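Trainee: Please show me how to read a structure, one feature at a time.
Mentor: Here it is.

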Amino acid sequence: MNHFLCNEQFGFIPGRNTIQAVEEVVNMVLSNFESKLITSATLIDLTKAFDCISHELLLSKLSYYGVNDKELSLFDSYLGNRKQMVVQGQDVSSFRNVSVGVPQGSVLGPFLFVIAINDFTFHIPCPSILYADDTTIVNYHKDIDELILKEEESLKIAAQWFEANSLVVNNSKTERIIFSLNNLMSIENKSVNLLGIHLDSKLSWHCHVQQLCKKLSRVIFLLRKLRNYVTMNNMLITAYYAFFHSHLRYGIILWGNSSGAQKVFVWQKKALRVIKNIPLRQTCKPIFRELEIMTLPSLYIFCCLVNVKEVLGELTVRKDFHQYSTRKKHMLDLVTIRLEKTRSSHVFMKIKLFNKLPENVWYVPVQKFRVILSNWLKEKAFYSIEVIW
C-alpha cells in the first residue's frame with residue numbers, strides 16, 4: 001500500500017503481532033517514567049466493529065488511497081448485493097440485504113477493516129496503538145489533573161471519530177489505567193488486559209504472572225492426567241509445547257526479567273517433573289538438556305536476542321557517534337537511564353544481552369542465528385540471566 005497504512009496499526013499487517021502492539025504501549029510508559037511523567041492508557045472497546053463498517057465510507061476511503069475505476073467497482077461488487085438469513089432449528093427467516101459490515105472469515109475482510117480505520121490516528125491529539133478493532137490511546141503529563149483533562153478530551157474526540165465512521169464505542173467495556181511510580185499519589189491500583197497481557201499501574205508484572213501461573217497450573221493437571229494414558233514421552237512433550245510452552249512464551253520479552261518470573265520458572269520445572277515422572281525435589285537441569293527444552297531464563301534470552309537481530313540494521317551502534325578505533329565501536333548504543341525499572345526492562349536488557357555476543361555472530365543470517373542460539377541455550381540450560389554477565 002505504498003506506506004499508506006499508519007504505523008500505529010499492528011493487526012493484519014505482515015511482520016507485526018500483538019506483542020509488538022503491547023510493547024509499543026509499555027515503551028511509552030517506561031519513557032514517561034524516565035521523564036517523571038504520569039501516563040494514562042484508555043482501552044477502547046467497539047461494539048460489533050466488523051459488522052458496522054459503512055460500505056459507502058469504505059469505498060470513498062479506498063478511492064482516496066488511489067483505488068479507482070474497475071478496481072473500485074470490483075470492491076463495490078464484493079461488498080454489495082449480499083444477503084443473509086437466520087436458521088434456528090426448523091425456523092428459517094427471510095433474506096435481508098446486508099448494507100454494512102465487511103465479510104468476516106474472508107481474505108479481504110481484515111484488509112478492508114484496516115483501511116476503514118486507518119485514518120483514526122491522524123484525527124486524535126495523542127499517541128494511539130491499533131490492533132484490528134482494539135484501540136488504545138495514550139496521554140501523559142506531569143500533573144494528574146491536567147492528565148485527566150487531556151485524557152477526557154482525547155476520548156471525546158476519538159468517540160466523535162468513531163461515530164462519524166458508523167462505529168459504536170462500548171463504554172461499559174472501555175477501560176482506563178494510570179501509570180505512575182509516585183507512591184504518594186492516590187492512584188487506583190488496578191490492572192487491565194491488553195491483548196492478553198496484564199498491565200498494572202507500576203508495570204510490576206505481578207498481575208500478569210499471577211494469571212499466567214493459574215493457566216500453567218491447569219496445564220500441569222492436564223499433563224498429569226495424560227501421563228496415565230500414554231506410554232511415550234513424545235506425546236507429553238508435544239502436549240507441553242502445545243499447551244504449556246505457548247503460554248510461557250507469550251510476551252516473555254516484557255515480563256521475563258521481572259521479580260515474579262521466578263514463580264513461573266517453578267511451574268515450568270513442575271511440568272518437566274510430571275513429564276519425566278521424577279520426585280518433587282530432584283533437579284531438573286539434566287532433564288532440560290535431555291528433552292532439549294529451554295529453561296525460562298534461556299527462553300527470555302532467546303526472545304530478546306532474536307528481537308534485536310531481526311531489526312539490527314535499524315539500531316544505532318557506537319561508531320555512529322565517533323570515528324575512533326575503539327574495541328567496542330561495533331556495539332549497540334545503550335540509552336541513558338536513571339531508573340532501575342528501566343534497567344531491568346526489555347528496553348535495556350535486550351541491547352545489553354546482544355552486546356555480550358561475539359562480533360562474528362552478529363552477521364549470521366537470522367534463520368541460522370535462531371538455530372545456533374537455540375541449540376546453545378538448550379545445552380547451557382541457564383537457571384538465571386545473571387550467569388551470562
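The dialogue below goes from the overall make-up to the sheet, the empty spaces and some backbone angles.

Mentor: This is a predicted model, in which local features need pLDDT of at least 70 and side-chain atom pairs count only at pLDDT 80 or more, while totals for chains, interfaces and linings use all residues. Residues are numbered from 1 along each chain as its sequence is written, and side-chain values use heavy atoms, with hydrogens and water left out.

Trainee: How many helices and strands does the protein have?

Mentor: Helices (H or I, at least four residues) and strands (E, at least two) are DSSP runs, numbered from the N terminus. The protein has 14 helices and twelve strands. Its C-alpha trace spans about 65 × 65 × 50 Å along the principal axes.

Trainee: What share of the residues is buried?

Mentor: Buried means under 20% relative accessible area, exposed over 50%, and partly exposed in between, with a 1.4 Å probe and protein chains only. Of the 389 residues in the protein, 45% are buried. As for contacts (heavy atoms within 4.5 Å), 68% of those with a separation of 6 or more are between residues 24 or more positions apart.

Trainee: How do I read a sheet, and what is the strand order in the open sheet of four strands?

Mentor: Strands of a sheet pair through backbone hydrogen bonds, either parallel or antiparallel. Here two strands pair if DSSP finds at least two bridges between them. The open sheet has the order E7-E8-E1-E10, with antiparallel pairing. E7 and strand E10 (175-179) are the edge strands, each pairing on one side only. From one strand to the next, the twist averages 15°. Helix H5 (residues 144-164) packs on this sheet and touches E1, E8 and E10; its direction makes about 150° with that of E8. Such angles run from 0 to 180 degrees between N-to-C directions, and the axes are lines fitted to C-alpha atoms, for helices over the stretch in contact.

Trainee: How many bridges join E1 to E10, and how many join E7 and E8?

Mentor: Strand E1 (residues 38-44) is joined to E10 by five bridges, and leucine 43 stands opposite glutamate 175 in E10. E7 and E8 pair over four bridges. They form a hairpin with two residues between them, and alanine 132 in the turn has a positive phi of about 55°. In this hairpin, isoleucine 129 stands opposite threonine 136 in E8.

Trainee: Is threonine 136 buried or exposed?

Mentor: Threonine 136 counts as buried because its relative accessible area is 3%. Leaving aside neighbours within four places in sequence, threonine 136 is in contact with Val25, Ala41, Thr42, Leu43, Pro127, Ser128, Ile129 and Leu194.

Trainee: How is empty space found, and how many cavities of 30 Å³ or more are there?

Mentor: Rolling a probe the size of a water molecule over the atoms shows where empty space is left. On a 1 Å grid over the protein atoms alone, a cavity is a set of points where a 1.4 Å probe fits but cannot get out; a pocket is an open set with protein on both sides within 12 Å along at least five of seven lines; lining residues have an atom within 4 Å of a point. Grid points are joined across faces, edges and corners, and a volume is the space filled by probe spheres set on the points. The structure holds two cavities of 30 Å³ or more.

Trainee: Which residues line these two cavities?

Mentor: The largest cavity, of about 50 Å³, is lined by Ile53, Ser54, Leu57, Leu58, Lys61, Ala116, Asn165 and Leu167. Helix H2 (residues 55-64) gives the most to this lining, with three residues. The second largest cavity holds about 30 Å³ of space, and its lining is Ala21, Ile129, Leu130, Tyr131, Asp134, Thr136, Leu194 and Leu195. Here E7 supplies the largest share, three residues.

Trainee: What is the volume of the largest pocket?

Mentor: The largest pocket has about 1,000 Å³ of space. It is lined by 32 residues, and the closest to its centre are Glu23, Ile253, Asn307, Val311 and Lys350.

Trainee: What is the phi of serine 166 and of asparagine 277?

Mentor: Most residues other than glycine have a negative phi, and most peptide bonds are trans. Serine 166 has a positive phi near 65° and lies in the loop between H5 and strand E9 (168-169). Asparagine 277 has a positive phi of about 55° and sits in the loop between helix H9 (261-276) and helix H10 (285-291). Serine 166 is partly exposed at 36% relative accessibility, and asparagine 277 is exposed at 54%.
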